[in-house]
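Let's practise reading a protein structure together. Keep the sequence and the 3D view open, and try each task before you look at its solution.

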Amino acid sequence: LQMLEQQVVGGEQAQNKELREKHKRRKNYADERRLQLVAALQEANEDSSERVLLNVYDSIQEEVRAKSKMLEKLQAAETEIKDLQLEFGLEKMDYLSTIRRQERELMLCQQLLDQVQCLVRRDCNYSNLEKIRRESVWDEESGCWKIPEPVIQKTHLP
């Protein structure tokens, strides 16, 4: 009766070793997955600041589709990051070229001032550039410097 029962319990495939191994692997996989889920839930309970995303799939095809979508999202994010890095790189190069151009213009203005300063009369307040710089004031409203008016100091001899 026991031999008959053992044959009937598994049906026709009761003696099939491959089927038993496959069933055992599935059971082990299910047990491992359950342990992983329990561990993840315990971590989520311990550290509530981090959220754990758990995905349980009914079939391999569903898992492949979900992971393919996730991969597409990651690739799109990586492409966007690369585009932003390229854009920032171009902006940085543009800013650096603007700074270099402004430095050249500043050097030109400084050299012109140095050359013209010796041509200004000694009795004019513009003969001393440092004094003019100290007396100049930046006007926020108009967005320009207010420079003192040129004054020629005449000396009267008795």
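**Exercise 1.** Which backbone oxygen does the side chain of asparagine 125 reach?

*Solution.* Step 1: the side chain of asparagine 125 reaches the backbone oxygen of glutamate 149 at 3.0 Å. Step 2: locate asparagine 125 in the loop between H3 and helix H4 (129-135); helices are DSSP runs of H or I with at least four residues, numbered from the N terminus. Step 3: leaving out residues up to four places away in sequence, asparagine 125 touches Ile132, Glu149, Pro150 and Val151, where contact means heavy atoms within 4.5 Å.

A note on the model: it is predicted, so local features need pLDDT of at least 70 and side-chain atom pairs pLDDT 80 or more, while totals for chains, interfaces and linings use all residues. Residues are numbered from 1 along each chain as its sequence is written, and side-chain values use heavy atoms, without hydrogens and water.

**Exercise 2.** Is asparagine 125 buried or exposed? Sort leucine 86 and glutamate 130 too.

*Solution.* Step 1: recall the cut-offs: buried is under 20% relative accessible area, exposed is over 50%, and partly exposed lies in between (1.4 Å probe, protein chains only). Step 2: asparagine 125 has 12%, so it is buried. Step 3: leucine 86, in helix H3 (residues 60-117), has 56% and is therefore exposed. Step 4: glutamate 130, in helix H4, has 44%, so it is partly exposed.

Technical notes: Helices (H or I, at least four residues) and strands (E, at least two) are DSSP runs, numbered from the N terminus. A polar contact is a pair of N or O atoms within 3.5 Å; within protein, one must be able to donate a hydrogen and the other to accept it, and residues adjacent in sequence count only if both atoms are side-chain atoms.
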